[in-house]
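User: I'm new to reading protein structures and would like some help. Could you walk me through one, feature by feature?

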Amino acid sequence: MNNEIGEIIKRLEEVLGEKENCQDIDCRLDKKNVAKIFSPEKGIDEKLVKLLRNEQLLSSNENPNLCDCIVVCRNGKIFVIEILCGKLTFKELQSKKKQVRNCVFIVKHLELEVERAYVIYDRLNINNHDKLRFERYLNSLQRERPPVSVRRLDELKDPNKKNTKAFLICR
């Protein structure tokens, strides 16, 4: 592990809990080329929670919604991941975007850069009425910085592991 990755991990360890696996039910991150996985839900510095509350204008008894994982790859890239191992609806996507944005805020607050954020889902459940609105929303997410990719689990699978619910982020 080089010094740059060590510094990234050190900064994240100071404010977040470490996680062994990034998963929702049986949908999980393939740990190939992953240096560390962090979970804001597993332990987050109280100062960051207060900053997030202020950012979102939440009351002191409300907790901000947070993503499933913040992944540091062996090449030093940082990815924010939210997993939905089920059906993705338009309303659900809007909620997942907030979770991802909160974790991007955390990483940026530490003066680190997120390469990309992902909302990963197993199946899509968009009716014809919401289809156009959903497509526009997806396009707007791609223009954000960092871009938010909404990807189906199957699209991110390792081609060598066909019968798995694991997905690859660090390639």
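## Reading the fold step by step

Analyst: Happy to! Let's begin with one pair of strands: β5 and β6 run antiparallel and are joined by four bridges. Keep in mind that this is a predicted model. Within this pair, Val-72 sits opposite Ile-78 of β6.

User: What do β5 and β6 form together, and how many residues lie between them?

Analyst: They make a hairpin, with four residues between the two strands. In the turn you will find Gly-76, whose phi is positive, about 90°.

User: How do strands hold on to one another in general?

Analyst: Strands of a sheet pair through hydrogen bonds of the backbone, and the pairing can be parallel or antiparallel. In this model, β5 also has a partner in β4: strand β4 (residues 34-44) and strand β5 (residues 69-73) run antiparallel and share four bridges. Two partners across this pairing are Val-34 with Cys-73 of β5, and Lys-36 with Val-72 of β5. Strand β4 also pairs with β1, in the antiparallel sense, over three bridges. There, Glu-18 has Phe-38 of β4 as its bridge partner.

User: In what order do the six strands of the sheet come?

Analyst: The order is β1-β4-β5-β6-β7-β8, in an open sheet with mixed pairing. The edges are β1 (16-18) and β8 (148-152); each has a single partner strand, so one side of each has no neighbour in the sheet. On average, neighbouring strands are turned by 35° against each other, direction ignored.

User: Which way do the side chains of β5 point?

Analyst: The general idea is that side chains in a regular strand alternate between the two faces of the sheet. In β5, Cys-69, Val-71 and Cys-73 point one way, while Ile-70 and Val-72 point the other way. Are they buried or exposed? All are buried, and β5 is described as mostly covered, with five of its five residues buried.

User: Which helix packs on the sheet, and which strands does it touch?

Analyst: That is helix α3 (residues 90-109), which touches β1, β4, β5, β6 (78-88), β7 (116-124) and β8. The direction of α3 makes about 160° with that of β6. A good residue to click on is Val-100, found in helix α3. Val-100 is buried, with a relative accessible area of 0%. Leaving aside neighbours within four places in sequence, Val-100 has contacts that include Val-80, Tyr-118, Val-119 and Val-148. Its C-alpha atom is 6.9 Å from that of Ile-81, although the two residues are 19 apart along the chain.

User: How do I read the packing of two helices, such as α2 and α3?

Analyst: Look at the angle and the distance between the axes. For α2 and α3 the angle is about 120° and the axes are 11 Å apart. The two helices are therefore oblique to each other, and their crossing is right-handed. The contact is made by Leu-48, Leu-51, Leu-52, Glu-55 and Gln-56 of α2, together with Asn-102, Phe-105, Ile-106 and His-109 of α3.

User: How many residues are in the largest nonpolar core?

Analyst: In soluble globular proteins, nonpolar side chains tend to be buried together. Here the largest nonpolar core has 37 residues, and those with the most contacts inside it are Leu-12, Ile-70, Val-72, Val-80, Leu-93 and Val-150. Elements giving two or more residues to this core include α1 (3-15), α2 (46-56) and α4 (128-143). The largest share, seven residues, comes from α3. Beyond its neighbours within four places in sequence, Leu-12 is in contact with Phe-38, Ile-70, Val-72, Leu-110 and Leu-112. Apart from this core lies another, of 19 residues, among them Val-34, Ile-81, Leu-153 and Leu-156.

User: Where does Phe-167 lie, and is it buried or exposed?

Analyst: Phe-167 lies in strand β9 (residues 166-167). Phe-167 is buried, with a relative accessible area of 0%. Apart from neighbours within four places in sequence, Phe-167 has contacts including Cys-27, Ile-81, Ile-120, Leu-153 and Leu-156. The C-alpha atoms of Phe-167 and Leu-153 are separated by 6.3 Å, and these residues are 14 apart along the chain.

Conventions. Residues are numbered from 1 along each chain as its sequence is written. This is a predicted model: local features need pLDDT of at least 70, side-chain atom pairs count only at pLDDT 80 or more; totals for chains, interfaces and linings use all residues. Side-chain values use heavy atoms; hydrogens and water are left out. Two strands pair if DSSP finds at least two bridges between them. Axes are lines fitted to C-alpha atoms, for helices over the stretch in contact, and angles run from 0 to 180 degrees between N-to-C directions. Contact means heavy atoms within 4.5 Å. A nonpolar core is a set of buried Ala, Val, Leu, Ile, Met, Phe, Trp, Tyr and Cys residues joined through side-chain atoms within 4.5 Å. Buried means under 20% relative accessible area, exposed over 50%, partly exposed in between (1.4 Å probe, protein chains only). Angles under 35 degrees count as roughly parallel, over 145 as roughly antiparallel, 65 to 115 as roughly perpendicular and the rest as oblique. A crossing is left-handed if the near helix is turned anticlockwise from the far one by less than a right angle, and right-handed if clockwise.
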